[in-house]
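Good morning, and thank you for coming. I should like to take you through one structure today, beginning with its overall make-up and then turning to its cores and its charged pairs.

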Amino acid sequence: TLDNPPRVVIDIPNARLTGKLPIVESSDRLLSGIRSGIRAGDDLRVVLDLKEAARVKSFLLRPNDRYGYRLVVDLSPSGAGGGRAGPAGSPHRVADRSSKKLRAATVAIDAGHGGEDPGTTGPDGTQEKQITLAIARKLAHLMKREPGMRPFLTRDGDYYVGLRERIVLARKHRADLFISIHADSCDDPRVNGATVYTLSLRGASSEAAKLLADKENSADLIGGIDLTDGKDELASVLLDMTQSATMEHSVLAARKMLASLEHLGDMHKTRIQKAGFVVLKAPDIPSMLIETAYLSNRADERRLRSRAYQKTIAEAILHGVKSYFESFPPPGTILAAREAHRRHVINRGETLAAIAKEYDVSLDSLRSANGIQGDAIQAGQVLTIPGS
């Protein structure tokens with residue numbers, strides 16, 4: 001990075017530009033332009049001209065069947081505010097404080113395995129990577145129809161994405177929830193049913209230790225706070241707070257998911273399971289892993305191959321996500337604004353019947369949503385408005 005004026009310089013040895021550089025929109029918050037030139041005879045220099053100083057992060061994405069090696073450079077304003085646990089303890093990340101525009105709640109849908117990693121294989125040759133992608137695509141399709149929700153797929157084809165790269169992608173898209181979809185296998189062909197996992201405490205502890213070993217990385221995770229001056233204790237406390245809130249919400253989301261999947265039939269485990277899966281280790285994104293069924297069980301394998309059943313699973317997962325967001329809408333989202341309108345504080349002189357009429361809901365549904373017997377209410381009491 002260089003100052004006066006602020007810019008980021010990227011030098012690529014022994015390289016040439018083969019196409020045109022993209023045109024930067026004038027509305028871009030950080031970039032004012034992109035230019036390139038040849039340096040030292042053989043090296044390509046790309047210069048990102050900035051409107052203000054920025055924090056720079058970069059990471060490597062390995063080749064897949066569509067792309068070669070990719071260098072991803074993330075820019076963020078150096079003066080961005082810190083992400084923190086909200087008043088209700090719900091985790092959220094750094095946002096553009098200058099914009100009051102409500103955003104959609106983002107869900108990272110992770111189709112397990114892919115490419116050279118087929119996952120488990122059923123007796124009839126069904127590969128896990130095929131099933132997980134089919135369900136993930138159906139879930140994304142259904143979710144796109146939901147107002148206030150935005151899905152994105154960590155992979156949308158038969159190629160491999162590294163486990164930690166999946167977390168990076170989720171954080172890049174500022175995901176509010178991460179769902180990894182899998183299909184299990186077992187030596188006993190009689191074992192069947194679905195299981196829901198969240199991150200184990202041991203897995204979380206080891207991840208926290210790893211992140212704290214890289215202060216620059218952990219600073220990014222807790223909102224861009226500069227921890228490069230030996231503030232290990234502060235880093236540890238802030239990361240622990242973020243991670244604790246995230247793990248709590250992972251369990252809350254997993255409970256909703258478990259209740260939704262139970263309607264499909266047999267569950268392999270009727271309680272949330274804990275494990276150290278790498279894809280669940282984002283300290284600031286509530287995450288869960290769903291083993292949809294057992295490919296080693298012939299009946300489960302037949303069901304998983306069925307497009308109709310794949311859609312049924314996707315619908316059950318979507319119902320679980322909606323149920324979680326109804327209880328814990330991410331701050332700053334359309335869902336959170338909508339949820340705020342589902343609360344009514346009773347004023348002196350109001351009646352239950354009048355409130356039901358005001359919100360165009362039935363009196364019985366209003367009573368049921370609030371556990372009210374009869375019509376007795378009090379000023380200052382907060383009512384939940386059903387079906388709003």
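The protein chain comprises ten helices and 13 strands. Please bear in mind throughout that this is a predicted model. Of its 388 residues, 45% count as buried. The chain exposes about 20400 Å², and carbon and sulfur atoms supply 50% of that area. As for contacts with a separation of 6 or more, 68% are between residues 24 or more positions apart.

Let me turn to the interior. In soluble globular proteins, nonpolar side chains tend to be buried together. Here the largest nonpolar core has 43 residues, and those with the most contacts inside it are I179, M257, L304, I317, V321 and F325. Which elements give two or more residues to this core? They are strands β6 (105–111), β8 (177–184) and β11 (287–294), together with helices α1 (128–144), α5 (232–261) and α7 (307–327). The largest share, nine residues, comes from α7. Apart from this core lies another, of 17 residues, with V161, L280, A282 and I285 among them.

Helix α7 therefore merits a closer look, given that the largest share of the core comes from it, and its length can be checked against expectation: at 1.5 Å a residue, its 21 residues should span 30 Å, and the end C-alpha atoms are 31 Å apart, which agrees. At the N-terminal end, S306 acts as a cap, with a side-chain oxygen 3.3 Å from the backbone nitrogen of A308. Along the helix, the buried residues include Y309, I313, I317, L318, V321, Y324 and F325. Polar residues also appear in that buried set, among them Q310 and S323.

What is F325 in contact with, leaving aside its neighbours within four places in sequence? The partners are A105, V107, M149, D176, L177, P330 and L335.

I now come to the charged pairs. Side chains of opposite charge can pair when their charged atoms come close. A search of the whole structure finds 14 salt bridges, and I shall discuss three of them.

In one, the side chains of D158 and K129 meet at 3.1 Å, N to O. D158 lies in the loop between β7 (149–153) and α2 (163–172), whereas K129 lies in helix α1, so this pair ties together parts that are 29 residues apart in sequence. Is each partner buried or exposed? K129 counts as buried, at 11% relative accessibility, while D158 is partly exposed, at 41%.

The next salt bridge is formed by R137 and D156, at 2.9 Å, N to O. R137 is in helix α1 and D156 is in the loop between β7 and α2, so the pair ties together parts that are 19 residues apart in sequence. Here R137 is partly exposed, at 41% relative accessibility, and D156 is partly exposed too, with a relative accessible area of 37%.

The remaining example lies within one helix. D300 and R303 form a salt bridge in which the closest N and O atoms are 2.4 Å apart. Both residues belong to helix α6 (residues 298–305), three residues apart, or about one turn of the helix. An α-helix has 3.6 residues a turn, so residues three or four places apart point the same way. D300 counts as buried, at 3% relative accessibility, and R303 as partly exposed, at 34%.

Finally, salt bridges that share partners join D11, R39 and R45 into one network. Thank you; I shall be glad to take questions.

Conventions:
Residues numbered from 1 in each chain as written. Predicted model: local features only at pLDDT ≥ 70, side-chain atom pairs only at ≥ 80, totals over all residues. Heavy atoms only, no water. Core = buried A, V, L, I, M, F, W, Y, C linked by side-chain atoms within 4.5 Å. Buried < 20%, exposed > 50% of the residue type's maximum accessible area, 1.4 Å probe, protein only. Helix = DSSP H or I, 4+ residues; strand = E, 2+ residues; numbered from the N terminus. Contact = heavy atoms within 4.5 Å. Expected span 1.5 Å × (residues − 1). Polar contact = N/O pair within 3.5 Å; in protein donor to acceptor, adjacent residues only side chain to side chain. Areas by Shrake-Rupley, 256 points an atom, 1.4 Å probe, with all protein chains shown as cover. Salt bridge = Lys/Arg side-chain N within 4 Å of Asp/Glu carboxyl O.
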